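Here's a protein to look over, one piece at a time. Take a moment with the sequence and the 3D view, then read on.

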Amino acid sequence: MKPTIYRYRAVKPFEEAQSLLFFGRDAEINQLTALVFAEKLTVLYGKSGYGKSSLLHAGLLPRLRPENESQLQRYVPIVIRFGTAENENQLMARFAF
C-alpha cells in the first residue's frame, strides 16, 4: 500500500526534499531569489507561523542548488537553526570540510 502524502504539514515547516509539495508562493520565491542574487545580505523576517522556514527550505534552497553544480560554486547553502537541541560539537561537525 502506497503511503499517503499530505500537502499541509500543520506547524512543521516544509523541507527541501518536499519542494514539489510546496506551491502557491512563486512570487515570493522569485523575489527572494532575485534579492539573494543581487545583494550581499538578505534578511527574511516576519511573524511566527507565516512560512519563512518553508519559503527558505522548499522555495529558495532548491533554486540555489543548481549553482553549486556549476564550476563557479557561487552559492553553498548552509542551514543553521538556532534554538534546537544540537550542541556546539554537532554544529561544528556539520561544517567540517
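Let's start with who touches whom. Take the contacts between residues at least 6 apart in sequence: 51% of them join residues at least 24 apart. Keep in mind as you look around that this is a predicted model.

Now for the overall layout. The chain has three helices and zero strands, so if you walk along the sequence you read the pattern α-α-α. There are 97 residues in the chain, and 19% of them are buried, with under 20% relative accessible area. The accessible surface adds up to about 8,200 Å². Carbon and sulfur atoms account for 58% of that surface.

Next up: the empty space. Rolling a probe the size of a water molecule over the atoms shows where such space is left. Here, the largest pocket holds about 620 Å³ of space. Helix H1 (26–38) and helix H2 (52–69) are the elements that each give two or more residues to its lining. H2 provides the largest share, seven residues.

Which residues lie nearest the centre of the largest pocket? They are Thr42, Leu56, Leu60, Leu61 and Ile78, out of 22 lining residues.

What kinds of residues make up that lining? Here's the split:

| Kind of lining residue | Number in the largest pocket |
|---|---|
| Nonpolar | 15 residues |
| Polar | three residues |
| Charged | four residues |

To pull the pocket together: its lining has 15 nonpolar residues, and the largest share of the lining comes from H2.

Key
Residues numbered from 1 in each chain as written. Predicted model: local features only at pLDDT ≥ 70, side-chain atom pairs only at ≥ 80, totals over all residues. Heavy atoms only, no water. 1 Å grid on protein atoms, 1.4 Å probe; cavity = no way out; pocket = protein on both sides within 12 Å on 5 of 7 lines; lining within 4 Å. Points joined across faces, edges and corners; volume = space filled by probe spheres on them. Helix = DSSP H or I, 4+ residues; strand = E, 2+ residues; numbered from the N terminus. Nonpolar A, V, L, I, M, F, W, Y, C, P; charged D, E, K, R; others polar. Buried < 20%, exposed > 50% of the residue type's maximum accessible area, 1.4 Å probe, protein only. Contact = heavy atoms within 4.5 Å. Areas by Shrake-Rupley, 256 points an atom, 1.4 Å probe, with all protein chains shown as cover.
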